[in-house]
Amino acid sequence: AFDDFPGEGPHRHEVSSVDLAGNESALTDPVSVADATPPMVPVNLAGGINGFGQVQLTWDADPSTDTAGYRLYRATFTILNKNDLTNVLRRTAAPPFVESPAADGNYHYSVTGLDAVGNESSLSGEVLVVYDKAAPVITVIGVGPESFNKTNVAPVISVFDANLDTGSVQAVLDGAGFVPGSTVSAEGPHVLTVTASDTENHAST
């Protein structure tokens with residue numbers, strides 16, 4: 001193995017082999033580039049809800065050739081720096097970027113630039129987008145899909161949506177209305193269906 005720490009810029013590394021008698025092969029001629037400088041920080045990050053009900057983000061692309069791509073960060077809290085990115089979603093992206101989060105929420109976005117060798121810029125300024133176009137998120141606690149249970153169960157239902165129509169939440173067990181938390185003791189297969197919608201008629205089951 002050979003380690004080298006040259007300054008930035010193009011560098012020529014040539015390799016030959018030598019046998020025990022001292023005979024040396026011809027040189028190879030690969031060229032490597034040492035680059036530790038990150039690209040420019042993306043500027044003018046802006047976001048909102050477009051006409052299709054999606055989150056849409058834009059930022060100014062780096063006009064130089066140094067930036068090869070971008071990394072977008074999303075969180076439900078302020079993203080302070082790259083040293084603490086626990087529970088932060090990250091992905092490669094390019095402007096304009098659109099997405100439809102799975103749940104309503106206040107989403108914080110920031111973006112960085114990436115060069116061809118993986119150097120990453122500092123975080124851009126942050127933009128906050130309030131998203132309320134997702135269908136309600138339904139969670140059933142106490143039983144799982146296609147589960148088998150040896151004892152009585154009492155399924156509890158949780159429904160989240162920023163604009164939930166509380167009157168739309170319905171639970172049906174084996175074709176009859178079901179009160180969440182009620183005990184199910186009869187043996188045999190059972191089917192529990194929960195439906196809900198928000199005030200903009202985004203529905204989920």
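How many bridges join strand β3 to β4? Five bridges join strand β3, residues 43-49, to β4, and the two strands run antiparallel.

## Basis of the report

This is a predicted model, in which local features need pLDDT of at least 70, side-chain atom pairs count only at pLDDT 80 or more, and totals for chains, interfaces and linings use all residues. Residues are numbered from 1 along each chain as its sequence is written, and side-chain values use heavy atoms, with hydrogens and water left out.

## Strand β4 and its partners

Strands here are DSSP runs (E, at least two residues), numbered from the N terminus, and two strands are said to pair if DSSP finds at least two bridges between them. Strands β3 and β4 form a hairpin with five residues between them, and in the turn glycine 53 has a positive phi of about 75°. Within this hairpin, glycine 47 has leucine 57 of β4 as its bridge partner. Strand β4 is also joined to strand β7, residues 97-99, by three bridges, again in an antiparallel arrangement, and here the bridge partner of valine 55 is glutamate 99.

In a regular strand the side chains alternate between the two faces of the sheet. Strand β4 has a covered face, made of Val55, Leu57 and Trp59, and an uncovered one, made of Gln56, Thr58 and Asp60.

## Two open sheets

One open sheet of four strands has the order β6-β5-β8-β9, with antiparallel pairing. Strands β6 (89-93) and β9 stand at its edges, each with a single partner strand, so one side of each is left without a neighbour in the sheet. The twist averages 30° from one strand to the next, where axes are lines fitted to C-alpha atoms and angles run from 0 to 180 degrees between N-to-C directions. Five bridges join β5 to β6, and one of the pairs sets tyrosine 70 opposite alanine 93 of β6 as its bridge partner.

Another open sheet of four strands has the order β13-β12-β14-β15, also with antiparallel pairing. Its edge strands are β13 (176-177) and β15 (203-204), each of which pairs on one side only. Two bridges join strand β12, residues 170-173, to β13, and valine 172 has glycine 177 as its bridge partner.

## Nonpolar cores

A nonpolar core is a set of buried Ala, Val, Leu, Ile, Met, Phe, Trp, Tyr and Cys residues joined through side-chain atoms within 4.5 Å; buried means under 20% relative accessible area, exposed over 50%, and partly exposed in between (1.4 Å probe, protein chains only). The largest core has 16 residues, and those with the most contacts inside it are Leu57, Trp59, Leu72 and Tyr109. Strands β4, β5, β8 and β9 each supply at least two residues of this core. Apart from it lies another core, of seven residues, among them Ile157, Ala171, Leu173 and Phe178.

## Salt bridges

A salt bridge is a side-chain nitrogen of Lys or Arg within 4 Å of a carboxyl oxygen of Asp or Glu, and by this rule the count comes to five. Arginine 71 forms one with glutamate 120, the closest N and O atoms being 3.2 Å apart; this pair links strand β5 to the loop between β8 and β9, 49 residues apart in the chain. Lysine 82 also meets glutamate 120 in a salt bridge, at 4.0 Å from N to O, and Arg71, Lys82 and Glu120 are thus linked in a network.

Arginine 91 forms a salt bridge with glutamate 99, with the closest N and O atoms 3.0 Å apart. Arginine 91 is partly exposed, at 27% relative accessible area, whereas glutamate 99 counts as buried, at 9%.
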